[in-house]
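Work through the exercises below with the structure in view. Try each task before reading its solution.

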Amino acid sequence: MAIVKKFLYKILYRKKIEIAKNVTWRRDFSVMIEKNGKLQIGKGCFFNNGCTIGVNKSVIIENGSIFGENVKIYDHNHRFADTTKSIKSQGYSNGTVHIGKHCWIGSNVCILKNADIGNNCVIGAGCVISEKIKDNTIVRANNQYILDTLKQ
């Protein structure tokens with residue numbers, strides 16, 4: 001089924017999407033790419049059930065990264081600073097998302113605009129990421145972020 005959906009995404013989004021070889025996903029994987037957006041997914045990536053990628057500008061996922069269930073990736077956020085207007089009418093602020101090679105993104109992680117996750121990182125279940133994470137780092141959520149560098 002992933003092969004069929006990959007083909008449909010390539011027809012629908014044309015040059016806005018690049019999906020390398022051996023990328024696969026399970027049920028309820030969805031992609032939304034807006035007018036000027038670009039999505040790149042490297043070789044051998046895997047997305048578990050319920051993963052979503054929303055792209056207004058740029059999302060790059062490098063080779064060999066794997067994603068647990070219900071991971072959400074968004075390179076944009078609603079604007080909300082003007083209290084005289086509805087949030088819906090204020091549009092979006094756009095950024096980029098970069099996920100390095102051979103990362104493991106745990107279940108229910110939310111990756112937001114300006115996230116830059118290095119190579120060989122583990123992002124624990126339930127984390128919200130919107131900043132730079134250095135290579136070889138484990139991020140866990142225990143009411144706060146705890147960063148541990150992986151032992152080489």
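A residue counts as buried when its relative accessible area is under 20%, as exposed when it is over 50%, and as partly exposed in between. By that cut-off, 39% of the 152 residues of the protein chain are buried. Keep in mind that this is a predicted model.

**Exercise 1. The whole chain**

Task: Describe the make-up and overall dimensions of the protein chain, and decide how compact it is for its length.

Solution:
- Start with the elements. The protein chain has 20 strands and one helix.
- Next, take the radius of gyration. It is 16 Å, and the globule rule gives 15 Å for 152 residues. The two values are close, so the chain is as compact as a globular protein of that length.
- Now the box. Along the principal axes, the C-alpha atoms fill roughly 50 × 40 × 20 Å.
- Then the surface. About 8,900 Å² is accessible, and 54% of this belongs to carbon and sulfur atoms.
- Last, the contacts. Take those between residues at least 6 apart in sequence: 18% of them join residues at least 24 apart.

**Exercise 2. The helix**

Task: Compare V4 and Y9 in helix α1. Which is buried, and which is partly exposed?

Solution:
- Place them. Helix α1 covers residues 2-13 and holds V4. Y9 lies in α1 as well.
- Check V4. Its relative accessible area is 47%, so V4 is partly exposed.
- Look around V4. Together with F7, L8 and I11, V4 makes a nonpolar surface patch of about 400 Å².
- Check Y9. Its relative accessible area is 8%, so Y9 is buried.
- Find what surrounds Y9. Leaving out residues up to four places away in sequence, Y9 touches R14, I17, W25, F29, S30 and V31.
- Add a distance. Y9 and V31 are 22 residues apart along the chain, and their C-alpha atoms are separated by 8.1 Å.

**Exercise 3. The parallel sheet**

Task: Find the strand order of the five-stranded open sheet. Then say which strands stand at its edges.

Solution:
- Write the order. It runs β3-β6-β9-β14-β17, with parallel pairing.
- Pick out the edges. β3 (30-33) and β17 (128-129) each have a single partner strand, so one side of each is left without a neighbour in the sheet.
- Follow the pairing from β3. It pairs with β6 in the parallel sense over four bridges. S30 has T52 in β6 as its bridge partner.
- Move on to β9, residues 72-74. This strand and β6 pair in the parallel sense over three bridges. Here I53 stands opposite I73.
- Sort the side chains of β6. T52 and G54 point one way, while I53 and V55 point the other way. All of these are buried.

S30 links two exercises: it is touched by Y9 of the helix, and it is the bridge partner of T52 in β6.

**Exercise 4. A loop residue**

Task: Decide whether N48 is buried or exposed, and list its contacts.

Solution:
- Locate N48. It sits in the loop between β5 (46-47) and β6 (52-55).
- Apply the cut-off. Its relative accessibility is 14%, and under 20% means buried, so N48 is buried.
- List the contacts. Apart from neighbours within four places in sequence, N48 is in contact with R26, R27, F67, G68 and E69.

**Exercise 5. Salt bridges**

Task: How many salt bridges are there? What parts of the chain do they tie together?

Solution:
- Count them. A side-chain nitrogen of Lys or Arg must lie within 4 Å of a carboxyl oxygen of Asp or Glu. The count comes to two.
- Take E18 and K38. Their side chains meet at 2.8 Å, N to O. E18 lies in strand β1 (residues 17-19) and K38 in strand β4 (residues 38-41), so the pair ties together parts 20 residues apart in sequence.
- Check their exposure. E18 is partly exposed at 39% relative accessibility. K38 is partly exposed at 26%.
- Take D116 and K132. Their side chains meet at 3.4 Å, N to O. D116 lies in strand β15 (residues 116-117) and K132 in strand β18 (residues 132-133), so this pair ties together parts 16 residues apart in sequence.
- Check exposure again. D116 is partly exposed at 27% relative accessibility, whereas K132 is exposed at 59%.

Notes. Residues are numbered from 1 along each chain as its sequence is written. This is a predicted model: local features need pLDDT of at least 70, side-chain atom pairs count only at pLDDT 80 or more; totals for chains, interfaces and linings use all residues. Side-chain values use heavy atoms; hydrogens and water are left out. Helices (H or I, at least four residues) and strands (E, at least two) are DSSP runs, numbered from the N terminus. Buried means under 20% relative accessible area, exposed over 50%, partly exposed in between (1.4 Å probe, protein chains only). Contact means heavy atoms within 4.5 Å. Patches are made of residues with over 30% relative accessible area and no salt bridge: like charges are joined within 9 Å, nonpolar side chains (Val, Leu, Ile, Met, Phe, Trp, Tyr) within 5 Å. Accessible areas come from the Shrake-Rupley method with a 1.4 Å probe; for residues, only the protein chains shown count as cover. Two strands pair if DSSP finds at least two bridges between them. The radius of gyration is taken over C-alpha atoms; the globule rule is 2.2 Å times the number of residues to the power 0.38.
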